[in-house]
Amino acid sequence: MANQDDLFKKITSHCKEYGFIFQSSEIYDGLAATYDYGPYGILLKNNIKDYWWKSMVQMHENIVGIDAAIFMHPTTWKASGHVDAFNDPMLDNKDSKKRYRADVLIEEYMDKIEAKINKEITKAKKRFGDAFDEEQFRATNPRVLANTEKKDNIAARLAKAMTDGDMDDLKAQIEEYGIVCPASGSRNWTDVRQFNLMFSTQLGAVAGEEGKLYLRPETAQGIFVNFLNVQKSSRQKLPFGIAQIGKAFRNEIVARQFIFRMREFEQMEMQFFIKPGTQMKWYEYWKESRLKWHKAIGHESENLRFHDHDNLAHYADAAVDIQFNFPFGFKELEGIHSRTDFDLASHQEHSGKKLQYFDPETKESYIPYVLETSIGCDRMFLATISHAYTQEMVPDSKGGEAERTVLKIHPALAPIKCAVLPLVKNKPELTEKARKIFDSVKAYFDCQYDEKDAIGRRYRRQDAIGTPYCITVDFETLEDDTVTIRERDSLAQERIPISKIAEIVKERTDMAALFVG
Ligand code: ATP
């Protein structure tokens, strides 16, 4: 675990040093759980959004996009259930005065039990070598069995308390398991209370509850209230989807782990409207489709897993998370939810406006069911950068080895696709030629010109921001109009004509390959 903590620290400081992410309002010592994206961060983030948007809207004839306002009529949040039920259970430690989420404290306690199980398995693996059968070991080892049973029982009891909104039982569990405050080490807890996560603000000159507006805690509701507008104007028939990328706000109690849990973040959500009764078919379809999307950019199967929800949200009849193996363990990256007709039916009731679909085949009108995929753009950013961050030894120019830090980001998502570098700085014929090349390719992709420092250091800088290709302009270039192109991961170098640079880099960094390959 210490190593993983260390890795996470390295990743966060790399993000700052190389202009990916800064603490918000840092000169005022920052604002908790709020971050700003820097010059490379915004490029990577835009590419992630582009990848998601294209996979949804461009690749599906029956998915269209919208961009709804952050502010919505306040009744929206009554209808969606957020005013009454968008709560987290919180409690304070009386000694440290720190606030915690009760369910998170219990989950962290379960993580410790899981760590014990994993330790037994690692030990046994070492002892038995190749002959080790993990499945059999899990099924027979008494210590592993006891801990697994303990963990399962806690998970079931936690799920029940969360579903029932039983704050007393959450408190009882924290006491029974002897959970201490990580800051003070004490068990001096307050009672557990519900805490609503929505931020509110006031509309213009209207005072009191009348003028109370919420900052949207999810983008989905902007899609639901526009369902008929979109369906009619785009002449879509069921099944069809509406996609949206936008900011969401939650007054999170525990906002730690960098951009994993923020109070202002971005969601990429798609609501797929379907005929009632077909939800399980579409649930399976979107589970598979979304997993494929993650794997296509090189995120391996062993770092991704499905996790069924233990306690279903008030709107769902089936729900699963795609979890990613972050440096701090497997955590939710994306949710896939079968939301039934909960939202549309509730908006129909609260607004008094019909939100039904006329099915031209069966000649019936009904409220469609909804299958939703919802992913945090910032969490996807963290997954991408954690996966890409690599420290490795590579051959140096003197025949030895040197350590480099490289971001092995999929070329289609990389912030800068190609850097143009004159071999040396103080030769005007080289720098002029390199600048000309840079000017001739910059219209095709994000590209950078760099002449400062020795060539080796410039390569390292490009590695550190994940640039997949470096073009080096040397003396041979002046004679035959060829350059070397260096590939980031393999370090392979090829000689290519200047006239081919744009075509080659474009082809090798093209996002389309992620959809057709
Ligand atoms: P969690 O259990 O981690 O609080 P959630 O189940 O409340 O997440 P959803 O409401 O399903 O999350 O939101 C969909 C997605 O939005 C999540 O999978 C996650 O990627 C992202 N997300 C939710 N809350 C945050 C946050 N505070 N900061 C960053 N991303 C978030």
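Which element supplies the largest share of the shell around the ligand? In this predicted model, that share comes from strand β13, which contributes five residues. The shell as a whole comprises 17 residues, with Glu252, Arg261, Met262, Glu332 and Leu333 the closest to the ligand. Strands β10, β13 (residues 329-340) and β16 (residues 369-376) each provide at least two residues of this shell. By residue class, the surroundings of the ligand divide into seven charged, five polar and five nonpolar residues.

Several polar atoms of these surroundings approach the ligand. Glu252 places a polar side-chain atom 2.8 Å from a nitrogen atom of the ligand, while a polar side-chain atom of Arg261 is found 2.7 Å from a ligand oxygen atom. In the case of Gln267, an N or O atom of the side chain is 3.4 Å from an oxygen atom of the ligand. Taken on its own, the ligand has 600 Å² of accessible area, of which the protein covers 86%.

Aromatic side chains form a further set of contacts, and the count of aromatic pairs in the model comes to 26. One of these pairs is formed by Phe227 and Phe273, whose ring centres are 4.7 Å apart and whose planes meet at 35°; the pair is therefore classed as tilted, since this angle falls neither under 30 degrees nor over 60. The pair connects distant parts of the chain, given that Phe227 belongs to helix α10 (residues 227-234) and Phe273 to strand β10 (residues 264-274), with the two positions 46 residues apart in the numbering. Phe227 has a relative accessibility of 0% and so counts as buried, and for Phe273 the value of 0% likewise leads to a buried assignment.

The pair of Tyr285 and Trp286 has ring centres 4.9 Å apart, and because the planes stand at 90° the arrangement is edge-to-face. As for exposure, Tyr285 is partly exposed, with a relative accessible area of 35%, whereas Trp286 counts as buried at 1% relative accessibility.

Ring pairs also join residues into a cluster, made up of Phe8, Tyr35, Phe258, Phe260, Phe324, Phe326 and Phe328. Phe260, a member of this cluster, additionally has the charged end of Arg379 over its ring, at 3.7 Å from the ring centre. A comparable placement involves Arg290, which lies over the face of Trp293 at 4.2 Å from the centre of the ring.

Two acidic or amide-bearing positions in other parts of the chain were examined individually. Asp474 occupies the loop that runs between strand β21 (residues 469-473) and helix α16 (residues 475-480), and its relative accessible area of 14% places Asp474 among buried residues, because this value is under 20%. The side chain of Asp474 makes a polar contact of 2.8 Å with the side chain of Arg495, and the side chain of Asp474 also reaches the backbone nitrogen of Glu476 at 3.2 Å. Asn3, by contrast, is located in helix α1 (residues 2-17) and counts as exposed, with a relative accessibility of 60%. Between Asn3 and Asp67 the separation is 64 residues in sequence and 42 Å in space, taken from C-alpha to C-alpha.

Backbone geometry was also considered. Most residues other than glycine have a negative phi, and most peptide bonds are trans. The peptide bond that leads from Leu238 to Pro239 is cis, with omega near -5°, and Pro239 itself is placed in the loop between helix α10 and strand β9 (residues 240-249). A positive phi of about 45° is found at Ser25, although this residue is not a glycine. Ser25 lies in the loop between strands β1 (residues 21-23) and β2 (residues 35-37), where a relative accessibility of 34% makes Ser25 partly exposed. Leu491, which is not a glycine either, has a positive phi of about 65°. The loop that holds Leu491 connects strand β22 (residues 482-487) with strand β23 (residues 493-497), and at a relative accessible area of 24% Leu491 is partly exposed.

Terms used. Residues are numbered from 1 along each chain as its sequence is written. This is a predicted model: local features need pLDDT of at least 70, side-chain atom pairs count only at pLDDT 80 or more; totals for chains, interfaces and linings use all residues. Side-chain values use heavy atoms; hydrogens and water are left out. Rings of Phe, Tyr and Trp (its six-membered ring) pair if their centres lie within 6.5 Å; planes under 30 degrees apart count as stacked, over 60 as edge-to-face and the rest as tilted. Helices (H or I, at least four residues) and strands (E, at least two) are DSSP runs, numbered from the N terminus. Buried means under 20% relative accessible area, exposed over 50%, partly exposed in between (1.4 Å probe, protein chains only). A charge sits over a ring if NZ of Lys or CZ of Arg is within 6 Å of the ring centre and within 35 degrees of the ring normal. A residue is near a molecule or strand if one of its heavy atoms lies within 4 Å of it. A polar contact is a pair of N or O atoms within 3.5 Å; within protein, one must be able to donate a hydrogen and the other to accept it, and residues adjacent in sequence count only if both atoms are side-chain atoms. Accessible areas come from the Shrake-Rupley method with a 1.4 Å probe; for residues, only the protein chains shown count as cover. Ala, Val, Leu, Ile, Met, Phe, Trp, Tyr, Cys and Pro count as nonpolar, Asp, Glu, Lys and Arg as charged, and the others, Gly among them, as polar.
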